[in-house]
Amino acid sequence: MKGFSSSFLQKYSQINSSVRINEKFNRIIFHRTRVIVFTAAKRRIFLRSRKLADSDSGTYPNKSLLTNIFKWLDEFICDFIDPPLRPCVDPKHVLSGNFAAVEELPPTACTVVQGSLPPCLNGAYIRNGPNPQFFPRGPYHLFDGDGMLHSIRISGGEAVFCSRFVRTYKYGLERESGSPVILNVFSAFNGGLLSSLSRCVLASGRALAGEFDPRRGIGVANTSLALFAGKLFALGESDLPYSVKLTPEGDIITLGRHVSFGEPYMTMTAHPKIAADSGEAFAFRHSITHPFLTYFRINPDGIKQPEVPINSLKQASLVHDFAVTENYAVFSDPQIVITPAEVLRGKPPIGVDQGKVPRLGVIRRYAVDESEMWWVEAPGFNMIHAVNAWEEDGGDTVVMVAPNILGVENVLERLDLIQTSMERIEINVKKKKMKRKSVCRGNLDFAVINPAYVGKKNRYVYAAIGDPMPKTVGVVKIDLSLSTTVNSGECTVASHRYPPGCYGGEPFFVPKEPNKSAAEEDDGYLVSYVHDENRNESKFIVMDAKSPNLEIVASVKIPQRVPYGFHGIFVPQCELEKLYDN
């Protein structure tokens, strides 16, 4: 659940944005801080003498003095304007233990310390996650860190590990500057009215002075990865995807921002759905401006098809994920809303509307407009991630499996208090009604399936046990075939708990024989990174997905600690070879 897409930050460079800074307001801010920086009039004269950076060349005039002034102002806000930081945005708290950042690590040989690596794992497992390149001086939220990819390259039973930052525009700009420049979307507006608006003034000044160009993206690509159209992408929903590749030696290279998926200021979900049979990718973006939701697909050649604006969504909501079936796409409209005007009240722009009734929206998978889009109320159902969806009853029923966020008011402030309920949702397409039921007890999320079953009826789900998310204490296997016959709401058929003091993340399913059409759905392995907090060391583990206790069949000691993170992917050797020439 990363970023808020075409976020509040999109509007830095637009003088006519919803948060306009005028002369009087600037005088109030700087009078209260007892610092005279620029009056608005002087700033306009100063900025007119400057030219904005060219978005294509990426070149900037020499602004060393101006850069130092901006750095000083940023430090002043952190030291004298910010109120005491709450734990959820205090970097000393957020970046403690195995959430602390690590340095990059070039390809380094690993040691297999248990069992042997199965031949089907020839390829690479890569996991994304936040890893700030600078320790924050001011507020910092877990979701704001620079994206870092942690890859384990496997060949012939041997493994090579590598950690590299995703070279986003934001990362490169701040690397050159030596300090943060672009606002963090989740934490910048969590310090009250004065500090939030001071940061708005500073960010506007930086953009107008050419310190950065928001047209080139503001995201950190720290959420997930996806493989489609012959390319591997690192994704974060506050920006367009970044194309990356692995070298034969196991190194990770960022190729660049994939601008063909959108225009300046546009973004894309971190959770596209890839149809295994057609190779198409289905995606969306959400925005703080109308239309608040836009649906689109990308054909197997990587060409984005015409967008479908969803005008029936009347308010900006945090739409993080969705699901597709053979004929439909299903979106959520949760109680988590985005209201930029809240910044003017000294509150974060992302919040929870307790009076709002959540909804689910259904649209044709190949819709050309939203004329057939319809919504159904889903009281008490707040979806962040979708596991899968399919159709039953000849297409009259859409079934979706997803974790429901309980205590949604804690979704940003108190991750440690979040609980989830894994649920089966049935939507009657003809009657436009829905019903839902729990299928498994426990605080479960980061759930995955056999990738070949995306959009099709599947039987098995593998979900991480939160403690809380994104730290996990184990994995459960859920048999969805029991969800229509068992009244107790418990469909767990296998589980594996890590030893005390050991925590993992999202598992990923790798089929044993991906090209065998008759292979059983659960015939494969679950892979993940696990960190031992007692020994301060990390391992890559391989679990047998068919065994009753998800038995560990192989374990690899990682030469560097792997911080807790978000979503990952396994790229088989045949696909890696296609990427070498990119």
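# Contacts and cores in a predicted model

Visitor: Which residue has its backbone nitrogen 2.9 Å from a polar atom of the Asn388 side chain?

Guide: This is a predicted model in which local features need pLDDT of at least 70 and side-chain atom pairs count only at pLDDT 80 or more, while totals for chains, interfaces and linings use all residues. Residues are numbered from 1 along each chain as its sequence is written, and side-chain values use heavy atoms, with hydrogens and water left out. The backbone nitrogen lying 2.9 Å from a polar atom of the Asn388 side chain is that of Gly455.

Visitor: Is Asn388 buried or exposed?

Guide: Asn388 lies in strand β20, residues 388-392; strands (E, at least two residues) and helices (H or I, at least four) are DSSP runs, numbered from the N terminus. Beyond its neighbours within four places in sequence, Asn388 is in contact (heavy atoms within 4.5 Å) with several residues, including Val399, Ile449, Tyr453 and Gly455. The classes are buried under 20% relative accessible area, exposed over 50% and partly exposed in between, with a 1.4 Å probe and protein chains only. Because its relative accessibility is 5%, Asn388 counts as buried.

Visitor: How many salt bridges are there?

Guide: A salt bridge is a side-chain nitrogen of Lys or Arg within 4 Å of a carboxyl oxygen of Asp or Glu. Counted by this rule, the salt bridges come to 32.

Visitor: Glu104 forms a salt bridge with which residue?

Guide: The closest N and O atoms of the pair are 2.2 Å apart, and the partner is Arg167. The two are 63 residues apart, with Glu104 in the loop between α4 (91-94) and β1 (105-109) and Arg167 in the loop between β5 (158-165) and α5 (169-177). Glu104 counts as partly exposed at 22% relative accessibility. At 36%, the class is also partly exposed for the partner, Arg167.

Visitor: How far apart in sequence are the parts tied together by Asp522 and Lys546?

Guide: The side chains of Asp522 and Lys546 meet in a salt bridge at 3.2 Å, N to O. Asp522 is buried at 6% relative accessibility, whereas Lys546 is partly exposed at 36%. Asp522 lies in the loop between β29 (508-511) and β30 (524-532) and Lys546 in the loop between β31 (537-544) and β32 (552-557), so the parts they tie together are apart in sequence by 24 residues.

Visitor: What is the N to O distance between Arg424 and Glu426?

Guide: Arg424 is buried, with a relative accessible area of 4%. Arg424 and Glu426 belong to a network of salt bridges that also links Glu392, Lys435 and Lys457. The N to O distance in the salt bridge of Arg424 with Glu426 is 2.8 Å.

Visitor: Which strand gives the most to the largest nonpolar core?

Guide: A nonpolar core is a set of buried Ala, Val, Leu, Ile, Met, Phe, Trp, Tyr and Cys residues joined through side-chain atoms within 4.5 Å. The largest has 109 residues, and Ile152, Phe331, Met422, Ile478 and Phe540 have the most contacts inside it. With four residues, the strand that gives the most to this core is β25.

Visitor: What percentage of the residues of the protein count as buried?

Guide: The protein has seven helices and 33 strands. Among contacts with a separation of 6 or more, those between residues 24 or more positions apart account for 63%. Of the 582 residues, the part that counts as buried is 61%.

Technical notes. Polar contact = N/O pair within 3.5 Å; in protein donor to acceptor, adjacent residues only side chain to side chain.
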